[in-house]
Amino acid sequence: MEPTLEFLGAAGTVTGSMHLVTTGGRRILLDCGLFQGLKQLRLRNWAPRLPDPRALDAVVLTHAHIDHSGYLPLLARQGFRGPVYCSAATGDLLRVLLPDSAHLQEEEAERANRRGYSKHHPALPLYTAADAAAALGLIEPRRFDAPFPVAHGVRGTLRRAGHILGSATVELQCEGDHPLRLVDSGDLGRYDRPVLRDPDPVPAADVLLLESTYGDRTHPGGGEDELARVVREGAARGGAIVMPAFAVDRAQELLWMLHRLERAGRVPPLPVYVDSPMAIEVGEIYRRYPQELDPDVGQLETTHTHLTRTPAESKRLNDLVGPAIILSASGMATGGRILHHLALRLPDPRTTVLLVGFQAAGTRGRALQEGAVALRIFGREVPVRARVETIESLSAHADQGDILRWLAGFTAPPRQTYLVHGEPEGAARLADVIRARLGWDVRVAVDGERVAL
């Protein structure tokens with residue numbers, strides 16, 4: 001039987017990454033992510049996405065972000081009991097992210113039932129902490145650059161992708177009547193950025209899955225300069241500077257940059273409140289993997305950093321007066337403690353909200369970025385009078401130049417390249433650029449399509 005590839009997520013969108021490879025009678029899932037953002041996408045999480053998950057042979061993850069890993073608890077609930085392969089750091093991060101994701105699902109269902117704003121009675125969580133625990137029991141970490149058996153006739157290799165701690169590109173070597181080398185870029189990181197090492201090159205592929213999140217643009221430079229300006233101006237207005245930040249990588253990078261700016265005297269020594277137990281725990285995980293960090297990375301916090309762990313400590317921040325930085329998850333304001341801070345402080349014109357990195361369509365972060373005058377939080381409309389700033393140059397995603405630089409590491413063009421994990425315009429633009437500059441056979445993946453390999 002000829003090998004096939006089916007796009008079950010992150011095709012025509014930047015979320016819900018999931019690709020099914022069938023070869024030699026084996027079924028392997030590349031990534032297992034939740035859809036986030038637009039309601040019509042989130043509703044797909046509730047519908048069956050895979051025929052008979054119990055028949056899957058294995059899952060291979062590129063990294064721990066929920067849009068690449070967050071469907072695993074549902075897969076476990078549906079009967080999957082095979083191995084989930086990933087890097088060791090990704091495995092450690094999943095032990096933080098998956099229980100937290102389950103907690104948020106349960107918390108939102110409880111709140112909706114208590115306040116009566118759900119159309120479903122009772123509102124149920126997408127999955128539970130028990131489902132997350134079952135998924136974590138399936139994780140089998142693997143080392144970078146060391147081939148390992150994935151299923152009969154299929155070997156995998158992980159290489160550093162530089163996007164977040166533990167992020168990997170995945171190579172599948174499929175043997176048998178139709179030998180094939182398939183490479184999934186996952187989310188590529190950027191070159192010459194702080195904290196993490198650069199993406200490792202991949203020498204060859206017959207078929208390449210390539211992310212295209214920022215395929216139509218180049219990140220502006222001067223991220224530290226912009227951060228310094230936003231902090232100085234926010235402090236001068238006397239209000240809080242609220243930073244929605246992904247607990248994995250973005251929070252650590254922001255803290256490291258704030259530390260550098262404070263030491264250089266470029267920002268005032270403001271108190272920094274890390275109001276995210278997950279970000280605190282992730283920072284501890286980062287310290288366990290110095291081999292994945294840039295050699296010059298030292299202290300990750302400013303001298304005025306306060307770690308806010310408990311709900312009571314978080315609530316005390318409501319009484320905070322005067323300039324201060326509140327860094328909390330999630331990065332696109334889709335859930336978590338950041339919503340409480342936004343609900344309280346968005347109506348105050350002294351507040352600064354700093355968005356860093358990509359904001360997916362349908363998220364509160366995108367709405368703020370596009371100038372929303374009100375934001376629906378916890379079932380009510382919150383007026384937006386705060387100043388909203390965006391620094392896209394701090395994104396952890398490769399831009400067009402970074403992607404082309406990574407592609408230059410291939411010794412020969414892949415037979416076919418499919419663009420995934422991008423919104424339509426960005427993916428189409430990147431396809432045009434790759435055809436024009438490299439002459440490769442490339443096209444944008446179509447949601448739900450099954451292609452012969």
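This is a short exchange about the overall build and the cavities of a predicted model.

Trainee: Why is the protein chain called as compact as a globular protein of its length?

Mentor: The globule rule gives 22 Å for 453 residues, and the radius of gyration of the protein chain is 21 Å, close to that value, so the chain counts as compact in this sense. Its C-alpha atoms fill a box of roughly 70 × 50 × 40 Å along the principal axes.

Trainee: What is the protein chain made of in terms of helices and strands?

Mentor: The chain has 13 helices and 22 strands.

Trainee: What share of the residues counts as buried, and what makes a residue buried?

Mentor: A residue is called buried when its relative accessible area is under 20%. Of the 453 residues, 59% meet that cut-off.

Trainee: How do you know what share of the contacts joins residues at least 24 apart?

Mentor: Take the contacts between residues at least 6 apart in sequence; 75% of these join residues at least 24 apart.

Trainee: How many cavities of 30 Å³ or more are there, and what is the volume of the largest cavity?

Mentor: The count is three cavities of 30 Å³ or more. The largest cavity has a volume of about 60 Å³, so it passes the cut-off of 30 Å³.

Trainee: How does the lining of the largest cavity divide into nonpolar, polar and charged residues?

Mentor: Two residues of the lining are nonpolar, three are polar and four are charged. The lining includes Ile-164, Leu-196, Arg-160 and Asp-198. Gly-162 and Gly-166 also line the cavity, and Gly counts as polar here.

Note on methods. Residues numbered from 1 in each chain as written. Predicted model: local features only at pLDDT ≥ 70, side-chain atom pairs only at ≥ 80, totals over all residues. Heavy atoms only, no water. 1 Å grid on protein atoms, 1.4 Å probe; cavity = no way out; pocket = protein on both sides within 12 Å on 5 of 7 lines; lining within 4 Å. Points joined across faces, edges and corners; volume = space filled by probe spheres on them. Helix = DSSP H or I, 4+ residues; strand = E, 2+ residues; numbered from the N terminus. Rg over C-alpha atoms; globule rule 2.2 N^0.38 Å. Buried < 20%, exposed > 50% of the residue type's maximum accessible area, 1.4 Å probe, protein only. Contact = heavy atoms within 4.5 Å.
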